[in-house]
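Open the structure in your viewer and keep the selection panel at hand. We will take a short walk, one selection at a time.

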Amino acid sequence: MSQPQQLDDLLEGGSDLNIVCHNNPDPDCLASALALGRIAAPAGIDEQQILYSGEISHQQNRAFVNLLDIDLQSFDSATVQNRQPDSLLALVDHSIPGENNTVPPDTAVDIVIDHHPAEDIDARFVDHREELGAAATILTEYVRTLDIDLDTDLATALLFAIRSDTLDFLRGATSEE
Ligand SMILES: [Mn+2]
């Protein structure tokens, strides 16, 4: 089974989804979170939220959140601890609880989609491709493969994320980008 299909299967078995961004999330992380939520909705997960710690510091990032109408909430560790098995936790653009996030280190993670160097990633579903320039590249592939409605907001978010993380295709960009 392909990875997008495996992810879809996992989401189908979920009741709700908490997508956690890394600290001070950047466009790549935010776009990836937005895309994962869009993938989760047709898999039957209506209850979902995007969580973050730190700040949306750059004005450009705040504009990104506002213009694309991304609904963000502050991360509270109580949300992801002692949860039911079908309450899913995803990390996008980071991999490890307690590293560049405020998730307690012992928290069980369901989904990791990342392109940063990391070792010993522990989750039920992992797509970790260090060779890629952006996590949004992976999510773009999933959106296409799973035939998710690619509206203007989602397309803009993903394209902006890829351009931003690769410095307009100059840093670490591959043919996938
Ligand atoms: Mn990234």
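Begin with V112, which stands opposite V126 in β6. Keep in mind along the way that this is a predicted model.

**The strands around V112**

Stay with V112 and look the other way: V112 is also the bridge partner of L91. Next, select A90, whose bridge partner in β5 is I111. These belong to the link between β4 (residues 87-92) and β5, two parallel strands joined by 3 bridges. Now return to β6, which pairs with β5 over 4 bridges, again in the parallel sense. Click on D114 there and you will find H128 of β6 as its bridge partner.

Which faces of β5 are covered? Colour the strand by accessibility to find out: I111 and I113 on one side, and V112 and D114 on the other, are all buried, so both faces are covered. Then do the same for β6, where F125 and D127 make up a covered face, while V126 and H128 lie on an uncovered one.

**The whole sheet**

Zoom out and show all the strands. In what order do the strands of the open sheet follow one another? Reading across, you pass β3-β2-β1-β4-β5-β6, 6 strands with parallel pairing. The edges are β3 (72-74) and β6, each of which pairs on one side only. Turn the view to look along the sheet: neighbouring strands are turned against each other by 25 degrees on average, direction ignored.

Add helix α1 (residues 3-12), which packs on this sheet and touches β1 (16-20), β4, β5 and β6. The direction of α1 makes about 145 degrees with that of β6.

**The manganese ion**

Select the manganese ion next and display its donors. Which residues coordinate the manganese ion? You should see D28 (OD), D93 (OD), H115 (NE2) and D165 (OD), at 2.0 to 2.3 Å. Along the chain, these donors follow the spacing D-x64-D-x21-H-x49-D. D28 lies in helix α2 (residues 27-40) and H115 in the loop between β5 (111-114) and β6 (125-128), so this pair ties together parts that are 87 residues apart in sequence.

Are D28 and H115 buried or exposed? D28 is buried, with a relative accessible area of 0%. H115 is buried as well, at 8%.

**Two helices, α2 and α5**

From D28, extend the selection to α2 and add helix α5 (residues 152-165). The two pack at an angle of about 150 degrees, with their axes 8 Å apart, and their crossing is left-handed. To see the contact, show P27, D28, A31, L34, A35 and R38 of α2 together with D153, L154, A157, L158, F160, A161, S164 and D165 of α5. Colour these by class and you get 9 nonpolar, 1 polar and 4 charged residues. Two of the manganese donors, D28 and D165, are among them.

**Last stop: L30**

Finish at L30, found in helix α2. L30 is buried, with a relative accessible area of 0%. Leaving out residues up to four places away in sequence, L30 touches C21, P25, F64, V65, I70 and L72. As a parting look, draw a distance from the C-alpha atom of L30 to that of A161: the two are 131 residues apart along the chain and are separated by 8.2 Å.

How values were computed
Residues numbered from 1 in each chain as written. Predicted model: local features only at pLDDT ≥ 70, side-chain atom pairs only at ≥ 80, totals over all residues. Heavy atoms only, no water. Donors = N, O, S within 2.8 Å, 3.2 Å for Na, K, Ca; no water. Buried < 20%, exposed > 50% of the residue type's maximum accessible area, 1.4 Å probe, protein only. Pairing = 2+ DSSP bridges. Axes fitted to C-alpha atoms, helices over the stretch in contact; angles between N-to-C directions. Contact = heavy atoms within 4.5 Å. Left-handed = near helix turned anticlockwise from the far one by under 90°. Nonpolar A, V, L, I, M, F, W, Y, C, P; charged D, E, K, R; others polar.
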